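Work through the exercises below with the sequence and the model in view, and try each task before reading its solution.

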Amino acid sequence: MRILLVGAGGVGSAVVPIAARRDFFEHIVVADYEKDRAAAVVDRAGDPRFSAIALDASDADAVAAALRDHRCDVLFNAVDPRFDMPLFRAALTAGAHYLDMAMSLSVKHPARPYELPGVKLGDEQFALADQWRAKDRLALVGMGVEPGLADVFARYAADHLFQSIDEIGIRDGGNLTVDGYDFAPTFSIWTTIEECLNPPIVWEDGDWHTTEPFSEPEVFDFPDGIGPVECVNVEHEEVLLVPRWVDAKRVTFKYGLGNEFIEVLKTLRKLGLDSADTLTVKGVQVSPRDVVAASLPDPSTLGSRMTGKTCAGTWVKGVGKDGAPREVYLYHVVDNAWSMREYGCQAVVWQTAVHPVVALELVATGVWRGTGVLGPEAFDSVPFLELLTAYGSPWSMRDQ
């Protein structure tokens, strides 16, 4: 397998040291708008199976050409989801397989944004599923940690733990702190603004509906010493993916953001600094959201200042295989001290990066097979969870 990895930021830079310990691929070309950044990631790996190029993710023709020139079988999308569609189309054009960790962007309902969905996350990608099947190629979408591992957990619960499912709730929280900054998000602020300020979506009784941002707060008790964290509704891909393959009456995603983070996001919205539309400022075209991102520290550089753990997981409630009521939380915890010591990567980006690498190994070895546009739920969960453990990052389950 030859892979074009587009994006050498936080997650992309974590993919390389993870993949470097495996032998399922022949070569990975690390591409970034700034070639120096890609080259730095490759240099740190010190492995001839990696090389670096400059590439503009918004230029579908250039991406398709890079796939052909470097004889790549797979396009691994590790950039912000605003670039999903040019990369998605480039892979289709070049006849390559495709993987991303966040799906094509949503558009609010024009009249009732906090009741009804407009264009949903992933709609643009699923609309092209027939073209992917016709080319006998796989587009594996939403294959990070959330979405990604959380969806694998949902599939596992449906197949092995439950007769019927009342609710699947993705619950994400942690106790990470960053020393030396008043405000320093541990993941892409561009993506965080997008998912947190859009209308959250909920699957209920056979259909999707939307709510107000930060709605339905609840306190969820996270494992491994993290403890109780207030979580709120956030727009996320799992709610769009899980119901396509798993039968559940309700599917939600709630994120432990914290009051300070929520207030910062609300302030950005009030000031119009959440906008991704370009403005002319002293003759320069720039979007307010890009300015916010540029003014904050790069999340990939924060690991040495971070302490604590991050937890991603899937809470499932329903009727167990024995016919009795059951409630479980399947989860994956990463301690920042461990990820920094083992890989030199902070916990949040490392946790996001490891799961697509596991998925690509399953695709490369033929364990996961498929064509069209598919989510993680479309595949057998057991090989994934076994291989994740073999990577040295086991998952856990708690009966609630």
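**Exercise 1.** Identify the residue of β17 that stands opposite I168, and then describe how β17 is paired on either hand.

*Solution.* I168 stands opposite V316 in β17. This is a predicted model, in which local features need pLDDT of at least 70 and side-chain atom pairs count only at pLDDT 80 or more, whereas totals for chains, interfaces and linings use all residues. Residues are numbered from 1 along each chain as its sequence is written, and side-chain values use heavy atoms, with hydrogens and water left out. Strand β7 (residues 162–174) pairs with β17 in the antiparallel sense over eleven bridges, where strands (E, at least two residues) and helices (H or I, at least four) are DSSP runs numbered from the N terminus, and pairing requires that DSSP finds at least two bridges between two strands. Strand β18 (residues 325–335) is also antiparallel to β17, over eleven bridges, and K309 has D335 in β18 as its bridge partner. Four residues lie between β17 and β18 in their hairpin, where G323 takes a positive phi near 90 degrees.

**Exercise 2.** Which residues of α10 are buried, and how are they arranged around the axis?

*Solution.* The buried residues (under 20% relative accessible area, 1.4 Å probe, protein chains only) are F261, I262, L265 and L268. They cover an arc of only 120 degrees, taken from the directions from the helix axis to the C-beta atoms, which puts them on the same side of α10. On the other side, N259, E260 and K270 are exposed, that is, over 50%.
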